[in-house]
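Colleague: Got a minute? I'd like to go through this model with you.
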Amino acid sequence: MTIVLGLTGGIASGKSTADSFFIKKHIPVIDSDLIAHHILDIGEKGYNLVINYFGDQYLAANKTIDRAKLGKLVFNSPKDLAKLNEITHPLIFQEIETKISQHKQENEPLIIVDAPLLFESGGLSYCDRSLLIAVPEKMQVKRLLARNHITEAEALKRINSQMPLAQKQKLADYVVTNTGTIKELEDKLNELLLKLIKEDQYGMS
Ligand SMILES: CC(C)(COP(=O)(O)OP(=O)(O)OC[C@H]1O[C@@H](n2cnc3c(N)ncnc32)[C@H](O)[C@@H]1O)[C@@H](O)C(=O)NCCC(=O)NCCS
Ligand SMILES: Nc1ncnc2c1ncn2[C@@H]1O[C@H](COP(=O)(O)OP(=O)(O)OP(=O)(O)O)[C@@H](O)[C@H]1O
């Protein structure tokens, strides 16, 4: 049996850091952000749909979609964000489901699907369980500002475009807080793996 574990959390909560831990354990990780980027590449399904709707001004000089510029628009305009979601989410979903099927065929006991909008966009339909990486908003802003070249106001707009943490905590099967060191996060994820093994007599090397 394969367990599909949806991994979610607000922007800059530590999902990619958790992904790295699972990859080190040889557990396959499906990264929705990477898929979201791929479907907007030149020649891919989302490319024309996005440019036809948002316009050529969102193309960089090399004709790729300027995601930073598009991000500035959509995180300031709920209507445009809803439109971008309407265009991209069905394509992202399709790709996630294809990758899950491939891993299931390979009899992988556990698959991680890193999906920032797992709860917001109906991702629970393809997951057996969900794991939330939780950090308080202040820490989220601090880590986001240290990583991205955006202002605090922009960081808050991005955070506020997502489901509030309290609501996510109610929906998640497992919650891991990421307020300590990366090593502490990894220890907690290791404990969770042991719990999954116990619950499902799930065998991993
Ligand atoms: C808005 C876009 C162009 C910005 O691209 P950019 O490379 O600057 O950011 P990136 O894709 O790496 O996203 C960074 C983080 O922003 C947050 N985020 C991205 N899209 C959304 C969204 N539609 N709603 C809320 N938060 C979002 C997530 O926490 C994500 O991890 C891009 O994120 C996008 O195409 N979003 C729509 C598709 C989507 O929903 N992706 C999220 C994962 S399925
Ligand atoms: N426990 C930690 N201590 C210190 N820094 C951390 C910790 N966990 C994550 N970070 C840092 O915080 C930033 C955000 O982490 P990460 O990229 O893993 O988040 P994310 O949830 O994947 O973000 P996004 O939603 O944008 O994809 C990164 O720069 C990362 O190195």
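Modeller: Sure, we can take one residue and then the ligands. It is a predicted model: local features need pLDDT of at least 70, side-chain atom pairs count only at pLDDT 80 or more, and totals for chains, interfaces and linings use all residues. Residues are numbered from 1 along each chain as its sequence is written, with chains lettered from A and ligands numbered from 1 in the order in which they are written.

Colleague: Where is E120 placed?
Modeller: In the loop between strand 3 (110–114) and strand 4 (129–134). Strands (E, at least two residues) and helices (H or I, at least four) are DSSP runs, numbered from the N terminus.

Colleague: Why does E120 count as partly exposed?
Modeller: Because E120 has 16 C-beta neighbours inside 10 Å. Buried takes 20 or more other C-beta atoms within 10 Å, exposed 12 or fewer, and partly exposed is in between, with C-beta atoms placed from the backbone.

Colleague: What does E120 touch, leaving out residues up to four places away in sequence?
Modeller: Q162 and M163. Contact means C-beta atoms, placed from the backbone, within 7 Å. Q162 is 42 residues from E120 along the chain, yet their C-alpha atoms are 7.6 Å apart.

Colleague: Switching to ligand 2. How many residues surround it?
Modeller: 16, with G14, K15, S16, T17 and R143 the closest. A residue counts if its C-beta atom, placed from the backbone, lies within 6 Å of the ligand.

Colleague: Which helix gives the most to that shell?
Modeller: Helix 1, with three residues.

Colleague: And ligand 1, which residues come nearest?
Modeller: I11, A36, R67, G71 and P116, out of 20 around ligand 1.

Definitions and conventions
Contact = placed C-beta atoms within 7 Å.
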